[in-house]
Number of protein chains: 2
Amino acid sequence: MIIGYNPEDKVYLAVDCIIFGFDNEDLKVLLIQRDFEPEQGKWSLMGGFLKQNETLDDAAARVLHRLTGVHDIYLEQLYTFSEVDRDPVARTISTSYYAIINIEKYNEKISKKTNAKWFSLSEVPQLIFDHDDMLDKAIKRLRRRTSINPIGFELLPEKFTMRQLQKLYEAILNKELDKRNFVNKINSMDVLIKLKEKDMSSSTKGSFLYIFNEEQYNAKQDNHFYLKL
Amino acid sequence: MIIGYNPEDKVYLAVDCIIFGFDNEDLKVLLIQRDFEPEQGKWSLMGGFLKQNETLDDAAARVLHRLTGVHDIYLEQLYTFSEVDRDPVARTISTSYYAIINIEKYNEKISKKTNAKWFSLSEVPQLIFDHDDMLDKAIKRLRRRTSINPIGFELLPEKFTMRQLQKLYEAILNKELDKRNFVNKINSMDVLIKLKEKDMSSSTKGSFLYIFNEEQYNAKQDNHFYLKL
DNA sequence: CCAAAAGTGTTGAGAGTACACCCATGC
DNA sequence: GCATGGGTGTACTCTCAACACTTTTGG
């Protein structure tokens, strides 16, 4: 026995993932309907238990992959929830993670999977345990992050219009933005490349497509952007 | 056995606390020298194991109290560290918390306790395990928080001078601030009460003392301050 | 020719930043 | 009378926010 080490008790450790997506209209979150007790039939975040030889980051990535088929997604740890009775079955402490993904890119895979469904933020049903709190924290964090540096490109197709990008920001921040101010601000960040190509699907005039200039972005990353909207 | 619940493994759960203090000169952090193996003699954050019937928040408060005698301190969860080999003895996952306290107010209590010592941020020795990372994250968080709303009053005596407050911000942000701009900004927040009393210890002229106007502060809390320095 | 979305600049207000001199007093 | 830290205001710049009209083209 090692002196000073006196682990009082063991507990179960889990991860839960808040997956955000965007469908060109609303910010959505991916939920699953539980097909097992407790709380069978209710909606919840995607979760799973930690394995012996993986980190929480690994576990979150594994759970996400198992339930959606999605790989190589940036996951960020949010907060660890530890209320004693949060899970009625056993003392379980859960670390929440959030990720943002492109709905179209993954939709096919996801829809084949078990009981997963996208919900607009305004239509999220009551979730099990403390998953509402988790979602809440995730939304707040996403909003804060959005104003620090340009997240959100992960949520769009490779080529996108200014309008789409604006709608995405509006969905995340849950408020309307002025078109001219938005364009000016985005352009001043200098992380987009304007293509000669136009998207003709949304208007007769057509709107220019942009791609994300990853190189520029990475170069500026450290300084932060402080895109205040 | 409950279907769908398949907890793969159990792990040990701990908390570690990063305690910041201020001595009118430097921002300091409270460390303890381990008097047990492993890593006996090395410096570490204050930590302990989670008990069966307490939350992580509770555990952090308990550990802090046990090792410093300090009560009723605002602790904020930082991040949960879960590298498989972070603790060589057993798989241990640790959730870090940080707090900021008034050194003078508690110094007597603390100095009686086991091996605890304040270190200026620039003089922190190498810490055990991943405690360096924890400290690093805490400093970053503290700096970010400082610019969102006026933290830091916790670190000062009840009555303090503008100069002290400025030094505190300089210590947290690790840069020099302009005296006039600082005073203007603080005054524009309208959360201090200027006393008629002066502190005569630092100069012949004496400098006015202030107290924190908690009521005003709480009233404004929600809107945030965005004290950009 | 008209409906529908795209595209584009200017102005005013407020916040941030840089900057220098006088004041009070103990010694 | 002088050394030491305390106290104070202004001018410039930059960013944010509000705001409206023209362009394109498919139908």
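This is a tour of a predicted model, going from the two DNA strands to the protein interior.

**DNA strand D**

Start by selecting DNA strand D and the protein around it. The strand is surrounded by 20 residues, and the closest are Asn181(A), Thr204(A), Lys179(B), Arg180(B) and Phe208(B). Colour this surface by residue class: 10 residues are charged, nine are polar and one is nonpolar.

Next, show the secondary structure. At least two residues of the surface near DNA strand D come from each of α5 (179–189) of chain A, α5 (179–189) of chain B and β10 (207–212) of chain B. The largest share, four residues, is supplied by α5(B).

Now look at which parts of DNA strand D face the protein. Sugar or phosphate accounts for 36% of its atoms within 4 Å of the protein, and bases account for the rest. Three polar contacts in chain B are worth displaying:

- Phe208(B): a polar backbone atom is 2.7 Å from a phosphate oxygen of the strand.
- Lys205(B): an N or O atom of the side chain is 3.3 Å from a base nitrogen.
- Gly206(B): a backbone N or O atom is 3.4 Å from a sugar or linking oxygen.

**DNA strand C**

Keep Lys205(B) selected and add DNA strand C. A polar side-chain atom of Lys205(B) also lies 3.3 Å from a base oxygen of DNA strand C. Add Asp178(B), where a side-chain N or O atom is 3.3 Å from a base nitrogen of DNA strand C. For Arg180(B), the distance from a side-chain N or O atom to a base nitrogen of this strand is 3.5 Å.

Widen the selection to the 20 residues that surround DNA strand C, the closest being Lys179(A), Arg180(A), Phe208(A), Asn181(B) and Thr204(B). Here α5(A) gives the most to the surface, with four residues. By class, the surface near DNA strand C has 10 charged, nine polar and one nonpolar residue. Of the strand's atoms within 4 Å of the protein, 39% belong to sugar or phosphate and the rest to bases.

**The nonpolar core**

Hide the DNA and select Ile19(A), Met46(A), Ile19(B) and Met46(B). These have the most contacts inside the largest nonpolar core, which has 52 residues. Centre on Ile19(A): leaving out residues up to four places away in sequence, Ile19(A) touches Lys28(A), Val29(A), Leu30(A), Met46(A), Leu64(A), Ala99(A), Ile101(A) and Trp118(A).

**Cysteines**

Finish with Cys17 in each chain. Is Cys17(A) buried or exposed? Cys17(A) is buried, at 0% relative accessible area, and Cys17(B) is buried at 1%. A search of the whole structure finds zero disulfides over all chains.

Technical notes
Residues numbered from 1 in each chain as written. Chains lettered and ligands numbered in written order. Predicted model: local features only at pLDDT ≥ 70, side-chain atom pairs only at ≥ 80, totals over all residues. Heavy atoms only, no water. Near = heavy atom within 4 Å. Polar contact = N/O pair within 3.5 Å; in protein donor to acceptor, adjacent residues only side chain to side chain. Nonpolar A, V, L, I, M, F, W, Y, C, P; charged D, E, K, R; others polar. Core = buried A, V, L, I, M, F, W, Y, C linked by side-chain atoms within 4.5 Å. Buried < 20%, exposed > 50% of the residue type's maximum accessible area, 1.4 Å probe, protein only. Contact = heavy atoms within 4.5 Å. Disulfide = S-S within 2.5 Å.
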